[in-house]
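Hi everyone, thanks for making time for this. I'd like to walk you through one structure today, slowly and piece by piece, so please have it open in front of you.

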There are 2 protein chains.
Amino acid sequence: MGLNQRSLGILEAIIEGHIASGEPIGSRTIAKQHQEKMSPATVRNVMADLEEMGFIASPHTSAGRIPTDKGYRFYVDTMLHVRDLSLKQRRNIESHCNAVDLHVEALLKRVGNLLSDMSCYTGVVLVPRFSASRFRHIEFVPLSHNRLLAIFVSGTGAVQNKILKVEEGLPSADELQHAGNYLNQSLHGMTIRQVRRVIAEKMQEERVKYDRLMHQALTLSSKMFDTDMDDDIIIEGATNMLDYPDFADPEAMKRLFKAFEKKKLLIELLDMSQDSSEVQIYIGGQTRYQDFRGCSLISARYTNGEEALGSIGVIGPSRMFYSQVIPVVDYTARLISRMLKRELE
Amino acid sequence: MGLNQRSLGILEAIIEGHIASGEPIGSRTIAKQHQEKMSPATVRNVMADLEEMGFIASPHTSAGRIPTDKGYRFYVDTMLHVRDLSLKQRRNIESHCNAVDLHVEALLKRVGNLLSDMSCYTGVVLVPRFSASRFRHIEFVPLSHNRLLAIFVSGTGAVQNKILKVEEGLPSADELQHAGNYLNQSLHGMTIRQVRRVIAEKMQEERVKYDRLMHQALTLSSKMFDTDMDDDIIIEGATNMLDYPDFADPEAMKRLFKAFEKKKLLIELLDMSQDSSEVQIYIGGQTRYQDFRGCSLISARYTNGEEALGSIGVIGPSRMFYSQVIPVVDYTARLISRMLKRELE
DNA sequence: TTTAGCACTCAATAAGCACGAGTGCTAACA
DNA sequence: TGTTAGCACTCGTGCTTATTGAGTGCTAAA
């Protein structure tokens, strides 16, 4: 029992019908669409096969069929034809991203908004990982008698800061200046991972132990970089989800929003999607992502031209307009990758 | 028809009963509570009066009474006895706030979390306004051929950064260093409002026009400070609201979450509550806050010892445990005020 | 292999009914 | 004059019972 042309057509009709209406699709509806080439009974036979193969299911005996996760998966993998973006859509994306006086974080937040607005679903963005970012600049600002503020600027222009406690008396402004200069020169361009290693190595060197300035600089910077900042994501337009009947059930809604609030699962998913240069689609609550059952994520990574920095995506109900959302995510990811490349020389 | 002791008692019983159960309260329930001192009929008479005065209402003829916004207002203003915090609760608050190696933003985020966890409602925090913050430190980091990153550290240790475009060729690293030093010395301790004025004045001075360094420094800093950063709030534990039957209705829920997402109204409310040194309570969707109907906000400002910096609060359903939440908000606001005072010398 | 026909299922809707919680009103009572 | 008992009335809730109709599976004929 293979999938011939006709059963494919019927499967497609069921899925697209259900995406458009949100209702189960019956055999009559499909037969009508097919211009009297088939009777409802024929369609029913095919449907029975499709159900047996696990692509569709019926919520109850006397209802039509709805796609299963497997059905969506198959649809997305093999029969989806992605539309091109209209000129207007491309312009829209570009104009939103092209505010050049934004730092990366602000840009990404705007991208989240853009994705949410254009898709009418929820936009998500994984910001660049701290540990993968590159050292550009560090600066120490005294705060009080035993605390100072370390400000770190990454290669992407993202600013991270952390308060450091110093036990042995605060260095003078001048010493801090020098410590900063020293670090800025010797660590420039390294990833944080490398920075950590270099610092550890240098601290072992004999001469450092007797050079007060270097010792101070290294101690401070090791404090700055010793822990990873939490990975963070931006979630925009979560309330868009409330407009879809799929989440009319308060329980489903609650589950979804709690999952948004937890962030962890979403970070994992977005993190995974950095591995491929293609748009990735995660459907339903497969395996450990039960909290997202009923939802799909369309995501794509963004880069600085070479390495993956993070990823962006859209979360919507599983019956989402894949063909329209995919190109938006794709185009946006490529656009900001290009922008970041240019921006970071 | 005044409010004698008895009608006060009944009003209180209705409100507290409804807060505890979420259900309308009938005359029988109240009569029983009062140990046979009153018959249901008597209670009904009093209730009729209270209804006429607008303190309570009945959802429909054959249901009990529920408090109106006016009823809650009256309850909160005149008959609420706030409980003291237990030692354990105080310890809990302190231990959450006393992570000394946090900068103010991280502290405030944690406070939002704390408020949400302790109250089981939603915690909100208005972060210190940019324009009211004090100048502590500025720093310029070159990004590309025509853009540099300005990093500003406020008196509270909050870090703001902004990308500046420079048309006439990027200053050298040395020049940027000097410009920073000059600004750090001459602007230290001023509020941003003052800074703006001083910059404008200095730019007029004759000698500045010919001193390239000063001119550069002033131009850059004026770009940095020309626009206000958006006021921002932190909202934590919004999904806690989903656990209350008050928001079981999807429409009510949707309204509330959209209001959270908009932020604007909430910022306004929290901003207002900075004016008083007391805990403020806003009930229901009075006047223009229709989106928050059914909710109340308990808020208190925090200071650095002298000036108000922002405010913190808890949003819950109008039938919220005021007597338990008020002291939490109050104590937390005072605690972080003390901490910030100490921290900022 | 396709299709027409038919019996069957089941969600959704509406209608009817009993129940009970709660009310307002009146009249009796202290 | 304030309080209470009694009673009729209202209305939401929950239950049962039809009714409807969309959709199915199966069978037999084309």
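Let's begin in chain B, where B:Val124 sits across from B:Ile235, a residue of strand β7(B). That pair belongs to a longer match: β3(B) and β7(B), the latter covering residues 233-236, run antiparallel and are joined by four bridges. Before I go further, please keep in mind that this is a predicted model.

Now, β3(B) has another partner. Strand β10 of chain B, residues 308-317, also runs antiparallel to β3(B), and five bridges join them. Here you can find B:Gly123 opposite B:Val314 of β10(B).

So is β3(B) mostly covered or mostly open? It is mostly covered: this strand spans residues 122-126, and five of its five residues are buried. If you're new to strands, here is a handy thing to remember. Side chains in a regular strand alternate between the two faces of the sheet. With that in mind, look at β3(B) from each side. One face carries B:Thr122, B:Val124 and B:Leu126, the other carries B:Gly123 and B:Val125, and all of these are buried.

Next, let's move over to chain A and look at a sheet there. It is an open sheet of three strands, ordered β4-β5-β6, and the pairing is antiparallel. Which strands stand at the edges? They are β4(A), residues 135-144, and β6(A), residues 159-165; each has a single partner strand, so one side of each has no neighbour in the sheet. From one strand to the next, the twist averages 20 degrees.

Let's follow the pairings across this sheet. A general reminder: what pairs the strands of a sheet is backbone hydrogen bonds, in a parallel or an antiparallel way. Between β4(A) and β5(A), which covers residues 147-154, there are eight bridges, and the two run antiparallel. As an example to click on, A:Glu139 faces A:Ile151 of β5(A). Moving along, β5(A) and β6(A) are also antiparallel, with seven bridges. There, A:Val153 has A:Val159 in β6(A) as its bridge partner. These two strands, β5(A) and β6(A), make a hairpin with four residues between them. Have a look at A:Gly157 in that turn, which has a positive phi of about 85 degrees.

While we're in chain A, let me show you one buried residue. A:Met214 lies in helix α10 of chain A, residues 212-225. Why does A:Met214 count as buried? Because it has 20 C-beta neighbours inside 10 Å. Leaving aside residues up to four places away in sequence, A:Met214 touches A:Tyr182 and A:Val208. A:Tyr182 is 32 residues away from A:Met214 along the chain, yet their C-alpha atoms are separated by 7.7 Å.

Now for how the two chains meet. The contact draws 27 residues from chain A and 27 residues from chain B. On the chain B side, β4 (135-144), β5 (147-154), β6 (159-165) and α11 (250-262) each give at least two residues. Sorted by class, that side of chain B has 13 nonpolar, six polar and eight charged residues.

Let's stay with chain B for a pair of helices. Two packed helices are described by the angle and the distance between their axes. For α1(B), residues 5-21, and α3(B), the angle is about 85 degrees and the axes are 10 Å apart. That makes the two helices, α1(B) and α3(B), roughly perpendicular. Where do they meet? B:Arg6, B:Ser7, B:Ile10 and B:Leu11 of α1(B) are in contact with B:Val43, B:Val46, B:Met47, B:Asp49 and B:Leu50 of α3(B). By class, this contact has six nonpolar residues, one polar and two charged.

Finally, the DNA. Around strand D there are 21 residues, and those that come nearest are A:Gly26, A:Ser27, A:Ser62, B:Thr42 and B:Ser62. Which helix gives the largest share of that surface? It is α3(A), with four residues. The surface near strand D is made up of six nonpolar, twelve polar and three charged residues.

Then there is DNA strand C, which is surrounded by 21 residues, the closest being A:Thr61, A:Ser62, B:Gly26, B:Ser27 and B:Ser62. For strand C, the largest share comes from α3(B), with four residues. That's my tour, and I'm happy to take questions.

Technical notes. Residues are numbered from 1 along each chain as its sequence is written. Chains are lettered from A and ligands numbered from 1 in the order in which they are written. This is a predicted model: local features need pLDDT of at least 70, side-chain atom pairs count only at pLDDT 80 or more; totals for chains, interfaces and linings use all residues. A residue is near a molecule or strand if its C-beta atom, placed from the backbone, lies within 6 Å of it. Ala, Val, Leu, Ile, Met, Phe, Trp, Tyr, Cys and Pro count as nonpolar, Asp, Glu, Lys and Arg as charged, and the others, Gly among them, as polar. Two strands pair if DSSP finds at least two bridges between them. Axes are lines fitted to C-alpha atoms, for helices over the stretch in contact, and angles run from 0 to 180 degrees between N-to-C directions. A residue is buried if 20 or more other C-beta atoms lie within 10 Å of its own, exposed if 12 or fewer, and partly exposed in between; C-beta atoms are placed from the backbone. Two residues are in contact if their C-beta atoms, placed from the backbone, lie within 7 Å. Angles under 35 degrees count as roughly parallel, over 145 as roughly antiparallel, 65 to 115 as roughly perpendicular and the rest as oblique.
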